Amino acid sequence: MKVAAVTGGSRGIGYAIASALAEEGYSLAILGRSDHSQVKDKIEQLPVMSKPHLYFQGDLGDRASRSGFCQKLVDTFGHIDILVNNAGVAPKVRMDLLETSEESFDYVMDINLKGTFFLTQQIAKLMIQQNRRGKIINISSLSAYTVSINRGEYCLSKAGVGMLTKLFAVRLANHGINVYEIRPGIIDTDMTTPAKAKYDELIAQGLTPIRRWGTPEDVARAVVALSTGQFDFSTGEILNVDGGFHLHTL
Ligand code: NAP
């Protein structure tokens, strides 16, 4: 039995990742904030190969939730092969850098960076203990290197996930655990709905060489590719899934 943990696997990019991994035969442990009753139907729609998928209601930013998730995962499946650190939030309100509040900074950093760091630490220990070649795939963002002065805390959190990827890649290499970073571009999900008109216009004007929105499935296919074992001599690698946004043109 192959087991994958996907944070934020109840909707958006995370759900597409969960679906794609389930199709590849993985049993899933999904962490999300929503109550089980709200996501039950969607989780039940995922293909099941062996054991039923696990949904754990909890907050990635909360230590007890992270521990509870890991414990439940071990109790249910006994081991883990892949961790996909996907859950993340945008600031509740976009604020100019000069107005960014500590509350918003803490909210975004606690989930996107601190939660991701300490969940990775816990899962990495499990992977080491069970002596299986694991993989950790972090979903960061083009915001890891692109300045948005109206959501600086988000940019900082994603830049942090970039360094987190390198740190764990080096620390875990001797244990046969590879760590990758996927940087999605502009992907059509609930997160980008508030800025839809703006992005429609920018994409039409050529912001991305490939002139379309990305889909959650675009990101999910990249996760599956990294999970196959075809990249076993690569770690700490970044994969841009962004329609070419990262290319500088003149
Ligand atoms: P989304 O549609 O807003 O979905 C976010 C998912 O994360 C939901 O399943 C949500 O669960 C979960 N989540 C959020 N906070 C959580 C917490 N504290 N604890 C546990 N689960 C939590 O977002 P998305 O667009 O799919 O984005 C997924 C990831 O890709 C994020 O890390 C985001 O930063 C990154 N990304 C997105 C884009 C884009 O254009 N959409 C681009 C680059 C990077 P609940 O529904 O239960 O709250």
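Start with H4 and H5: H4 passes H5 in a right-handed crossing. A crossing is right-handed if the near helix is turned clockwise from the far one by less than a right angle, and left-handed if anticlockwise. Helices here are DSSP runs (H or I, at least four residues), strands are E runs of at least two, and both are numbered from the N terminus.

This is a predicted model: local features need pLDDT of at least 70, side-chain atom pairs count only at pLDDT 80 or more, and totals for chains, interfaces and linings use all residues. Residues are numbered from 1 along each chain as its sequence is written, and side-chain values use heavy atoms, without hydrogens or water.

**Stop 1: H4 against H5**

Select H4 (102-130) and H5 (152-172). They pack at an angle of about 15°, with axes 9 Å apart. That makes H4 roughly parallel to H5. Axes are lines fitted to C-alpha atoms, for helices over the stretch in contact, and angles run from 0 to 180 degrees between N-to-C directions. Under 35 degrees counts as roughly parallel, over 145 as roughly antiparallel, 65 to 115 as roughly perpendicular, and the rest as oblique.

Now show side chains. On H4, the residues that meet H5 include Phe-105, Met-109, Leu-113, Phe-117 and Ile-128. From H5, pick among others Tyr-154, Leu-156, Val-161, Leu-164 and Phe-168. Contact means heavy atoms within 4.5 Å. The contact of H4 with H5 divides into 13 nonpolar, 7 polar and 2 charged residues. Ala, Val, Leu, Ile, Met, Phe, Trp, Tyr, Cys and Pro count as nonpolar, Asp, Glu, Lys and Arg as charged, and the others, Gly among them, as polar.

**Stop 2: the cavity**

Keep H4 and H5 on screen and add strand S5 (135-139): each of these elements gives two or more residues to the lining of the largest cavity. Select Asn-85, Asn-86, Ala-87, Asn-112, Thr-116, Asn-138, Ile-139, Lys-158 and Val-161 to see that lining. The volume is about 40 Å³. There is 1 cavity of 30 Å³ or more. Its lining has 3 nonpolar, 5 polar and 1 charged residues.

On a 1 Å grid over the protein atoms alone, a cavity is a set of points where a 1.4 Å probe fits but cannot get out; a pocket is an open set with protein on both sides within 12 Å along at least five of seven lines; lining residues have an atom within 4 Å of a point. Points are joined across faces, edges and corners, and a volume is the space filled by probe spheres set on them.

**Stop 3: H3 on H4**

Add H3 (residues 63-77), which packs with H4 at about 30°, axes 10 Å apart. H3 and H4 are therefore roughly parallel. Their crossing is right-handed. Contact residues include Phe-69, Cys-70 and Leu-73 of H3, and Phe-118, Leu-119 and Gln-122 of H4. By class, the contact has 8 nonpolar, 3 polar and 1 charged residues.

**Stop 4: the largest pocket**

Which residues are the closest to the centre of the largest pocket? Select Gly-88, Ala-90, Tyr-154, Thr-189 and Met-191. The pocket has a volume of about 1,200 Å³. H1 (12-23), S2 (26-32), H4, H5 and H6 (196-204) each supply at least two lining residues. The lining divides into 23 nonpolar, 18 polar and 9 charged.

**Stop 5: H1 and H7**

Finish with H1 and H7 (residues 216-227), which pack at about 45° with axes 8 Å apart. They are therefore oblique to each other. The crossing is right-handed. Ile-13, Ala-16 and Ile-17 are among the H1 residues in contact, with Val-219, Ala-220 and Val-223 among those of H7. This contact has 10 nonpolar, 2 polar and 1 charged residues.
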